[in-house]
Every structure is written in structure tokens, then in C-alpha cells.
Amino acid sequence: MSWLFSALGFITALLTVGIVIYLFTSRRYQSSNTVANFYDEWTEDGILEFYWGEHIHLGHYGSPPQQKDFLVAKSDFVHEMVRWGGLDKLPPCTTVLDVGCGIGGSSRILARDYGFAVTGITISAQQVKRAIELTPEGVSAQFQVDDAMALSFPDGSFDVVWSIEAGPHMPDKAVFAKELMRVLKPGGVLVVADWNQRDDREIPLNFWEKPVMRQLLDQWSHPAFASIEGFSELLVGTKLVKGEAITADWTQETLPSWFDSIWQGIIRPSGLVRFGASGFIKSLREVPTLLLMRLAFGTGLCRFGMFRAVRVSSD
């Protein structure tokens with residue numbers, strides 16, 4: 001029994017260290033370099049890829065949610081987003097810009113399964129490097145470093161602009177919306193999936209929601225979350241949207257992802273051997289934020305927003 005107490009003592013000590021690090025450090029947004037460094041670090045050490053696979057975004061568990069493999073739910077999310085956006089009706093060789101592509105998981109599915117010609121962009125040089133390494137020859141997906149707040153592409157470059165969970169890193173949501181629409185061809189389609197907060201113009205954040213939101217922003221280098229209503233208005237405000245932006249709330253479909261992401265660390269203990277005690281502590285440090293995310297999305301403080309917009313045929 002002594003070994004059991006020793007193991008429990010070791011785990012308790014690591015947990016204590018992780019909580020202390022979490023409470024006394026943060027990764028507040030300061031500039032695009034803050035975000036780039038954040039993702040460079042996670043990509044270089046391989047921890048996030050080990051547990052989350054090639055998709056650094058939430059999974060889709062159906063409506064109502066069904067029990068599903070964590071990694072399968074992530075790839076399912078891409079296909080569900082394609083169908084929701086009507087992209088499955090587009091022909092092969094459709095040009096797609098994947099904004100905030102991570103290590104290219106979605107880009108590869110769009111290229112491989114739908115025959116699209118995909119360009120993935122991210123602020124992280126290490127993510128670009130890893131995305132290129134993971135992309136087989138013959139898959140029409142290329143990757144480059146670029147800033148979503150000032151895209152390097154000319155107006156009207158792509159048939160589709162696609163983005164998953166990149167918006168919270170953008171300091172000016174109006175500029176982000178304008179850039180997404182700007183690089184679309186006339187008649188092109190924008191499809192975005194994002195973390196959003198409740199519209200606080202309607203229901204202001206209360207006494208406990210304010211510190212929770214502050215932690216969610218500070219821990220993962222987010223300057224702010226937009227609301228679904230607010231970002232939809234910003235898209236229309238670009239004057240580049242035909243009619244109205246279509247929105248949906250996928251909070252329930254994605255909600256199991258938060259607990260599942262924590263569960264991966266429990267059911268895959270080989271990560272402790274692979275990344276050592278320092279890697280374990282680094283992963284452990286994220287658990288409070290994941291739990292706060294689950295709290296926020298489960299109580300309505302945050303929502304998972306879907307956005308679809310078509311660019312007007314002429315400016």
C-alpha cells in the first residue's frame with residue numbers, strides 16, 4: 001500500500017504545482033506575436049497534437065449529442081460545417097482560404113474529401129511547418145504564415161473563406177470581418193465557426209461571469225469574444241454581404257468536447273512517459289481553463305456560433 005500513497009502524493013504534488021502556476025501566471029493578449037508564440041510553443045513540444053490530433057478545435061457530437069470518439073468528433077465537425085455552409089454542393093477545384101488553419105487538419109479534409117484547392121494561413125510559423133509535414137503529396141493544400149487582421153491576398157481571391165475558432169484572437173472584430181469578406185470573390189461564401197460570449201448588450205455579465213470571462217481571455221491569449229449577434233452585425237456592416245448573415249448556435253453539439261479533452265489525459269497515460277513531468281504539469285495547467293470553458297458554455301455565458309455569408313456580386 002505504501003506505493004499507492006507515494007503515487008497519490010506525487011500526483012497531489014503535481015496537481016498543486018499546476019494550480020499554482022495557473023493562478024499566478026497568464027498569457028494575456030498583447031499583440032499578434034503573443035498568439036504566434038503561444039501556438040509555436042504548443043506545436044514544437046507536440047503535446048497538443050498528441051492529445052487533440054490534427055484538429056485544434058472542438059468536436060461535433062450530433063443533436064442531441066451522442067457519445068463519440070474525441071478525434072472522430074473533430075473530423076465530423078469539419079464535415080458538418082461543410083454541409084451546414086452548403087459547401088458540399090460546390091465543384092472540385094473550388095478555391096478555399098482556411099483562416100487560422102492550425103496544423104492543417106481541416107484544410108486536408110477540404111482538399112482530400114471535397115477536391116477543393118485550399119490555402120491555409122496561420123500566424124504561427126511552427127504550425128505552418130507542421131501542417132506541411134502532415135500533408136501528403138497529391139493533397140491540394142498549401143500553407144503560409146499570414147495575419148488575419150491584414151491578409152496578404154488581393155480583393156476577390158477565393159471562392160470560399162473558412163475559419164474555425166480563430167476570432168477570439170482578433171483584437172478588432174470589425175477589421176477581421178472586413179478582411180474575411182474582402183478576399184472573397186463576388187458570390188463567394190464565408191463560413192465561420194467561433195467561440196462567442198452572450199450578447200452583453202441584452203444581458204450584462206454578472207458578478208461571477210466577469211472574473212470567469214477575464215480568465216478565459218487571459219489564459220489563452222484572447223483580447224475579446226464577440227457575441228453571435230454582434231459579429232453578424234459586423235459582417236453585414238462591411239457592406240459586402242448579400243442580404244443577411246445566417247447564424248446558428250452549435251453549443252449543445254460541441255459541449256462534450258470540454259470534458260472529453262480532459263479525459264484524454266486520463267485515458268492516455270503514455271503522454272506522461274512521452275513528455276515527462278514538465279509536460280504533465282504543462283497539460284495540467286490547462287485543466288482549470290477547460291473546466292471554466294465548460295462552465296461558461298454550459299451556463300450560457302458563452303455560445304458556439306456559426307456564421308454564413310455570401311459576398312455581393314458587385315461592391
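Of the 315 residues of the chain, 52% count as buried, where buried means under 20% relative accessible area, exposed over 50% and partly exposed in between, with a 1.4 Å probe and protein chains only. The model is predicted: local features need pLDDT of at least 70, side-chain atom pairs count only at pLDDT 80 or more, and totals for chains, interfaces and linings use all residues. Residues are numbered from 1 along each chain as its sequence is written, and side-chain values use heavy atoms, with hydrogens and water left out.

## Overall form

The chain has 13 helices and 7 strands; both are DSSP runs numbered from the N terminus, helices being H or I with at least four residues and strands E with at least two. Its radius of gyration is 20 Å, close to the 20 Å of the globule rule for 315 residues, so the chain is as compact as a globular protein of that length. That radius is taken over C-alpha atoms, and the rule is 2.2 Å times the number of residues to the power 0.38. The C-alpha trace spans about 75 × 50 × 40 Å along its principal axes.

Contact here means heavy atoms within 4.5 Å. Among the contacts in the chain with a separation of 6 or more, 77% are accounted for by residues 24 or more positions apart.

The accessible surface comes to about 14200 Å², and 59% of it belongs to carbon and sulfur atoms. Accessible areas come from the Shrake-Rupley method with a 1.4 Å probe; for residues, only the protein chains shown count as cover. There are 28 positive and 35 negative side chains, and the centres of the two sets lie 1 Å apart. Lys and Arg count as positive and Asp and Glu as negative, while His and the chain ends are not counted. The place of a charge is NZ of Lys, CZ of Arg, CG of Asp or CD of Glu.

## Nonpolar cores

In soluble globular proteins, nonpolar side chains tend to be buried together. A nonpolar core is a set of buried Ala, Val, Leu, Ile, Met, Phe, Trp, Tyr and Cys residues joined through side-chain atoms within 4.5 Å. The largest such core has 60 residues, and Trp 162, Trp 195, Trp 258 and Phe 304 have the most contacts inside it. Helix α4 (residues 70-84) gives the most to this core, with 6 residues. Apart from it lies another core, of 28 residues, among them Ile 121, Ala 148, Leu 184 and Leu 190.

Not counting residues up to four places away in sequence, Trp 162 touches Val 78, Met 81, Val 82, Leu 87, Val 96, Leu 97, Asp 98, Val 99, Ser 106, Leu 110 and Val 191.

## Individual helices

Glu 80 is in helix α4 and is partly exposed, at 27% relative accessibility. Beyond its neighbours within four places in sequence, Glu 80 contacts His 60 and Trp 250. His 60 is 20 residues away along the chain from Glu 80, with a C-alpha separation of 7.6 Å.

Leu 235, in helix α9, is buried with a relative accessible area of 0%. Outside four places in sequence, its contacts are Ala 177, Met 181, Leu 190, Val 241, Ala 245 and Phe 307.

Gln 264 lies in helix α11 (residues 257-267). This residue is buried at 9% and touches Tyr 51 and Phe 70, again not counting residues up to four places away in sequence.

In helix α8 (residues 209-219), the buried residues are Glu 209, Val 212, Met 213, Leu 216, Leu 217, Asp 218 and Gln 219.

## Backbone exceptions

Most residues other than glycine have a negative phi, and most peptide bonds are trans. The table lists residues with a positive phi.

| Residue | Phi | Place |
|---|---|---|
| Ser 221 | about 55° | just after α8 |
| Glu 165 | near 60° | loop between β4 and α7 (173-182) |
| Lys 239 | about 65° | loop between α9 (228-237) and β6 (246-249) |

Glu 165 counts as buried, at 9% relative accessibility, whereas Lys 239 counts as exposed, at 68%.

Ser 63 and Pro 64 are joined by a cis peptide bond with omega of about 0°. Pro 64 lies in the loop between α3 (47-52) and α4.

Another loop residue is Ser 152, between β3 (141-145) and β4 (158-164). Ser 152 touches Gln 144 and Asp 146, not counting residues up to four places away in sequence. Val 139 is 13 residues from Ser 152 in sequence and 23 Å from it in space, C-alpha to C-alpha.
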